[in-house]
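The following exercises ask the student to read a binding site and its backbone step by step. Each task is followed by a worked solution.

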Amino acid sequence: MFESFYQKLETLGIVPVVVLDRVEDAEPLAHALMDAGMASAEVTFRTDCAAACIGAMAKAEPDLCVGAGTVLTTDQLDAAIEAGARFIVSPGFDEEVCRPCIERGIPVLPAAVTPTELIAARKLGLTVTKFFPAAQYGGLGTIQALAAVFGGHRFMPTGGISQANVEEYLACPAIVACGGTWMVKPALFADGDFSRVRDAAEQAMEAVHRVRG
Ligand code: 3PG
């Protein structure tokens, strides 16, 4: 299930985790990411304009793979799908959020940080899960320990990943892609200049190419 999406994640290497307060920022942000060769965005439902931002980013850059993050409820899930989200990310594991995605063929990445949560996700057929918050739950060491038990399972860690440690994470075979906010922090574009986002995203993509070729 979702094999082609998992392959896409592998190619993307990094998924920027976006928190937008203003829908006006969605379009220039989409352009900055695409200019940097970072062809995805996880737009989080932590702000009211998340659904509108998903739509605006996808419209501005049709090749940008725009998904929804921080999806906690089925209402948010419906809004995300309606807005055109191409994948769904959740900070925890909730069967009520995962099942409709599976039924509708929309890739879903719930977070799982314990063996019990992984078992629950894998029971639904999910073989890639988010690992969040990565730093606080033991980072690479925990991922490697889980991967040794759950053969073939892969992770998308987020939380505490930055330009300084992303290469270390990407080098781990159990990691399909890394997520993070470091190249899309609101402070980088508060003045309306998105060139700092583009530069940071470019640097991040250079790290992906160094590790994965
Ligand atoms: C997420 O939602 O995945 C995290 O907020 C990203 O964490 P970061 O800000 O440490 O990158």
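**Exercise 1.** How many Å separate an oxygen atom of the ligand from an N or O atom in the side chain of Lys130?

*Solution.* The model is predicted. Step 1: the distance between the ligand oxygen and the side-chain N or O atom of Lys130 is 2.9 Å. Step 2: a polar contact requires a pair of N or O atoms within 3.5 Å, so the pair qualifies.

**Exercise 2.** Determine the distances from ligand oxygen atoms to the side chains of Thr158 and Thr181, and state what share of the ligand is buried.

*Solution.* Step 1: for Thr158, a polar side-chain atom is found 2.5 Å from an oxygen atom of the ligand. Step 2: for Thr181, a side-chain N or O atom lies 2.5 Å from a ligand oxygen. Step 3: the ligand taken alone exposes 320 Å², of which the protein buries 82%.

**Exercise 3.** Describe the shell around the ligand by residue and by class.

*Solution.* Step 1: the residues surrounding the ligand include Val17, Arg46, Lys130, Phe132 and Lys185. Step 2: Thr158, Gly159, Gly160, Gly180 and Thr181 are also among them. Step 3: sorted by class, the shell holds two nonpolar, five polar and three charged residues.

**Exercise 4.** Which pocket does the ligand occupy, and what lines this pocket?

*Solution.* Step 1: the ligand takes up the space of the largest pocket. Step 2: that pocket contains about 160 Å³ of space. Step 3: its lining includes Ile161, Gly179 and Trp182, together with Val17, Arg46 and Phe132. Step 4: the lining of the largest pocket comprises four nonpolar, six polar and two charged residues.

**Exercise 5.** Identify a peptide bond and a phi angle that depart from the usual pattern.

*Solution.* Step 1: most residues other than glycine have a negative phi, and most peptide bonds are trans. Step 2: the bond joining Phe132 and Pro133 is cis, with omega about -10 degrees. Step 3: Pro133 belongs to the loop between β6 (128-131) and α7 (139-149). Step 4: Phe2, a residue other than glycine, has a positive phi near 65 degrees. Step 5: Phe2 is located in the segment before α1 (3-12).

How values were computed: Residues are numbered from 1 along each chain as its sequence is written. This is a predicted model: local features need pLDDT of at least 70, side-chain atom pairs count only at pLDDT 80 or more; totals for chains, interfaces and linings use all residues. Side-chain values use heavy atoms; hydrogens and water are left out. A residue is near a molecule or strand if one of its heavy atoms lies within 4 Å of it. A polar contact is a pair of N or O atoms within 3.5 Å; within protein, one must be able to donate a hydrogen and the other to accept it, and residues adjacent in sequence count only if both atoms are side-chain atoms. Accessible areas come from the Shrake-Rupley method with a 1.4 Å probe; for residues, only the protein chains shown count as cover. On a 1 Å grid over the protein atoms alone, a cavity is a set of points where a 1.4 Å probe fits but cannot get out, and a pocket is an open set with protein on both sides within 12 Å along at least five of seven lines; lining residues have an atom within 4 Å of a point. A molecule sits in a cavity or pocket if more than half of its atoms lie within 2 Å of its grid points. Ala, Val, Leu, Ile, Met, Phe, Trp, Tyr, Cys and Pro count as nonpolar, Asp, Glu, Lys and Arg as charged, and the others, Gly among them, as polar. Grid points are joined across faces, edges and corners, and a volume is the space filled by probe spheres set on the points. Helices (H or I, at least four residues) and strands (E, at least two) are DSSP runs, numbered from the N terminus.
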